[in-house]
There are 4 protein chains.
Amino acid sequence: MARPAGVSGADTKQAIRAAAIQRIYRHGYEAMNLRGLAADVGLRVGSLHNYIPQKQEFLANLLDEIMTELLADFETHMAGVSDPQEALRQFVSFHVQWHTARKEEVFIGNMELRSLAPEQYARVAAKRKQYEKHLTAILSKGKKLGVWTIENPGITAKAILALLTGVSNWYRPDGSLSQPRLTKLYQLMVERMLRNP
Amino acid sequence: MARPAGVSGADTKQAIRAAAIQRIYRHGYEAMNLRGLAADVGLRVGSLHNYIPQKQEFLANLLDEIMTELLADFETHMAGVSDPQEALRQFVSFHVQWHTARKEEVFIGNMELRSLAPEQYARVAAKRKQYEKHLTAILSKGKKLGVWTIENPGITAKAILALLTGVSNWYRPDGSLSQPRLTKLYQLMVERMLRNP
Amino acid sequence: MARPAGVSGADTKQAIRAAAIQRIYRHGYEAMNLRGLAADVGLRVGSLHNYIPQKQEFLANLLDEIMTELLADFETHMAGVSDPQEALRQFVSFHVQWHTARKEEVFIGNMELRSLAPEQYARVAAKRKQYEKHLTAILSKGKKLGVWTIENPGITAKAILALLTGVSNWYRPDGSLSQPRLTKLYQLMVERMLRNP
Amino acid sequence: MARPAGVSGADTKQAIRAAAIQRIYRHGYEAMNLRGLAADVGLRVGSLHNYIPQKQEFLANLLDEIMTELLADFETHMAGVSDPQEALRQFVSFHVQWHTARKEEVFIGNMELRSLAPEQYARVAAKRKQYEKHLTAILSKGKKLGVWTIENPGITAKAILALLTGVSNWYRPDGSLSQPRLTKLYQLMVERMLRNP
DNA sequence: TATGAATGAGACTTCATTCAT
DNA sequence: AATGAATGAAGTCTCATTCAT
């Protein structure tokens, strides 16, 4: 069959992206086969190749897009904030929100780096590092201003990121904990960790 | 061909286990192919089936063994400790040590659950949950005794686990940070998080 | 989309033909894919089907056209020649010229017969045979008149054809050898082969 | 099924080689699909990959082997011959014999070079060139000694090769022409081409 | 006339697995 | 215990072809 009436390529592309994210999240990139992905969006496997010429490139682009969006959203969120204590609160609220709202994406963004070719890896890992550096910078600034006691801002940043990212492992939007309450909890934990004695 | 002189089946089995852990850690279970695994230990793929009759079962057993060892080691480590503050310190030191010394194993123990069949999954996940419950119990006890301010021990346990487990993402044994210093750092962070105001 | 200004269907058809000859010459009919052919002439593969409804038929027509042109040009070239020695000289000059000027076409005309369906094959091969018969007739006539010593005109014709056609394997129009000189060389070689002792 | 009783890999390898030569000869490398090749030798397509890991490499090796054997046989045949007239006679008899006895192989050795990757091409083409140089050397020597009138030994070598190789296009071992007679015919044609006037 | 979307057949290749030796 | 030979299912990808727009 040729092109069905009223079908737009852009819609299909979005559907494929969404389906791929779910499959990669649940079973990993290697286990995501194109046959299943095609079925998810109502295509035959041959048709998928109009949208995914190479599975490997598709993954690299997907991860790159995710990290790019994360960074862009982050910069929007943090615009105009300079006080480190406020910046940290905003960082936590941003991170918790993104990592609960788009947990599948951040999960594969962290996990499937290992499935990339070296050059692709470098491209995406650099963006991941950049995000981490934003947090390190906030901590360093607070340390310099004396608002927190931090011995090693680099390690502390990694620890905070691990702590916060862990939320995506268990949070359920339909659970008993509201987003604002959740954010508050994590802000408290992080602030206590840095508190002057 | 007959068995080459000086080679014991038990040695080969250990070598296969070690090679498999490295491969799964680096590229995931789905991407670990038996041909490559066989090559790692100097066998042909046909011979591997003397040790690994089924790839899927092999993974399930591997994950089960890892969790079993973790729990056994944990119980040994914690024997005779009952004070919650001391218990928490010991939990942190144990966890950090295990998750740096055997980071590949804990990583695949967390990640590759998704590659298990439902029944296998249940078996392993139960042990993982059991480990988490040990921490929750410590926190609950401390809360009851009033040594910490904890609103939700369940969530706090998850947060602490995420925080601590994160160490396996970046720690290098040949880096500048010694194990005791690392442990001390994480103990401090965790204690501050729970400290009464 | 509508037809771009200044583009005529006949031009496109010629461009496709030229591009196809180059691709078939260089990598063979089976390796010529329509996507690449379309790209060569600035079209998408879907548009190509306005000009090439069936790849297989396209090849058959192409080969048929080539042989038809060869025969027509040959008959024009040979008009009015009847003396066998002069006829042979004209045959050589014609063949060398055609097989250097249009070497891609004669090459695929010889090689890609095997890619035709039986019925298509018969149609084209008959024309090829007809060309060979012209040479055989010249040789037979010369033998009867006693101007050459030829034992087997059929085999000799095949040998001369192979000898002459070989020129297309190595001749470069921008090389050091001029067309007239080249023709003279081959005329000499052929005449010597047939010379009375 | 596993290994059938009494099957040797070496036999299978030879059978595959023979079947591949026939298929490539008849329809070209691109049109030779592994499914059909497997069927020819009574295997499933998956089994074929024990012998042909990569189709492309297989072709390159095949062509390389053919040229290597041709050169080796040639050197054996020409051992101890130094007089150029005798050498030319021996060249013709060798070439005609090889190109009738193994015409499929020489055909694909000539034709399928174009299906090779550049590096593979260079490897095989060098051997082809080497063979041609043997003939050029014979002609040059005869020219220097004054036994033949040759203006351009390079072109003459190409012409002779084309003439001789053409035999593989039409010779049938079960035809009316015996091998010795055939050889004699071609020796005569070649000698006449070079004869002093 | 040109395009983009879709198809289905078939290509090469990978892989876990089986089993006679 | 190890190997080589074979299998079949499944994987990614290519391609000629169709057709609504």
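In this predicted model, the contact between chain A and chain B draws on 20 residues from chain B and 20 residues from chain A. Three helices of chain B each supply at least two residues of the side that touches chain A. They are helix 1 (9–27), helix 8 (153–165) and helix 10 (179–194). Helix 8 of chain B gives the most to this side, with six residues. The side of chain B that touches chain A can also be sorted by class. It has 10 nonpolar residues, six charged residues and four polar residues.

Chains C and D were compared by superposition. A rotation of 179 degrees brings chain C onto chain D, with an RMSD of 0.1 Å. The shift along the rotation axis is 0.0 Å. Chains C and D are therefore related as by a two-fold axis. Among the residues of chain C, L163(C) comes closest to the rotation axis. Its C-alpha atom lies 2.1 Å from that axis. Both copies use the same surface. Of the contact residues of chain C, 100% recur in chain D.

One stretch of chain A carries an annotation. An unreviewed UniProt entry lists residues 33–52 of chain A as "DNA-binding region". In the model, this span of chain A is 55% helix and 0% strand. The C-alpha atoms at the two ends of residues 33–52 lie 12 Å apart.

Notes
Residues numbered from 1 in each chain as written. Chains lettered and ligands numbered in written order. Predicted model: local features only at pLDDT ≥ 70, side-chain atom pairs only at ≥ 80, totals over all residues. Contact = placed C-beta atoms within 7 Å. Helix = DSSP H or I, 4+ residues; strand = E, 2+ residues; numbered from the N terminus. Nonpolar A, V, L, I, M, F, W, Y, C, P; charged D, E, K, R; others polar. Least-squares fit on C-alpha atoms with pLDDT ≥ 70 in both. UniProt positions renumbered as here; feature names shortened; annotations may be inferred.
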